Amino acid sequence: MHQGRNPAPNGENRNARSDGGLELEAPHEGTVQRTGAAEPASAHSNHAAKHGGLFFMAPDGWHHIEGVVTAEREFHLYFYNNLTKSISAQPFLEGTFIEIVKLDSEKKEMGRPVKVTFAKAEEHFLLASLPEGYPFPFEINARIKFEDHEKPVLFNFVFEHAAPGDLSKK
Ligand SMILES: [Zn+2]
């Protein structure tokens, strides 16, 4: 269990990169769903990805997000509260966007980031269709507009494969 905004220990943030002056949070540990545990009742006690994606806590120490690439090559950006309960994605639709970047086999960036806008908000996630021509691995820079931040906050995802399916529905 972590306290507030403590960064992840070394070795757990290999998907995170710094990008100039933009804020960036390291991903929490536990991108794999754990089983057998009771539903946690306290804030920040569950940082496991719920949809097989990559999970972060926002700099406000309250919101949590998860980025997922589906087998249909959609990017889903899920939003959670401090208890890791799903919240409405609609408030984030305006001002939030992603960039997709090609990576070589050593995960070095190739070419320029290409901006992709979200097509719509589903109940708990924003949905974007990814362009053709980006085989795995690739990088997605999500720039998320939070109410209490003037500028979008950067979250950096490196995807090596599509999510195995919706783990919350098994
Ligand atoms: Zn947290």
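Tutor: Before we start, strands count as paired if DSSP finds at least two bridges between them. Strands themselves are DSSP runs (E, at least two residues), numbered from the N terminus. What we're looking at is a predicted model, where local features need pLDDT of at least 70, side-chain atom pairs count only at pLDDT 80 or more, and totals for chains, interfaces and linings use all residues. Residue numbers run from 1 along each chain as its sequence is written.

Student: Okay, how many bridges join E3 to E7?

Tutor: These two strands run antiparallel. One facing pair is Glu 74, which stands opposite Ser 129 in E7. The number of bridges joining E3 to E7 is five.

Student: And which residue in E3 stands opposite Glu 66?

Tutor: Look at strand E2 (residues 64-69), which pairs with E3 in the antiparallel sense over six bridges. The hairpin of E2 and E3 has four residues between the strands, and Arg 73 takes a positive phi near 60° there. Opposite Glu 66, in E3, stands Tyr 78.

Student: How many residues of strand E3 are buried?

Tutor: Buried means 20 or more other C-beta atoms within 10 Å of the residue's own, exposed means 12 or fewer, and partly exposed is in between, with C-beta atoms placed from the backbone. Strand E3 covers residues 74-80 and is mostly covered. Out of its seven residues, the buried count is six.

Student: Which strands stand at the edges of the five-strand sheet?

Tutor: That open sheet has the order E1-E2-E3-E7-E6, with antiparallel pairing. An edge strand has a single partner strand, so one side of it is left without a neighbour in the sheet. At the E6 end, two bridges join E6 to E7, and Lys 120 has Leu 127 in E7 as its bridge partner. The edge strands are E1 (54-57) and E6 (120-121).

Student: What about the four-strand sheet: which residue in E8 does Glu 99 face?

Tutor: The order in this open sheet is E5-E4-E8-E9, again with antiparallel pairing. Strand E4 (residues 97-103) and strand E8 (residues 138-144) share six bridges. Opposite Glu 99, in E8, is Asn 141.

Student: Last one: is Pro 137 buried, exposed or partly exposed?

Tutor: Pro 137 is found in the loop between strand E7 (125-129) and E8. Its C-alpha is 7.5 Å from that of Ser 105, though the two are 32 residues apart in sequence. Because 15 other C-beta atoms lie within 10 Å, Pro 137 is partly exposed.
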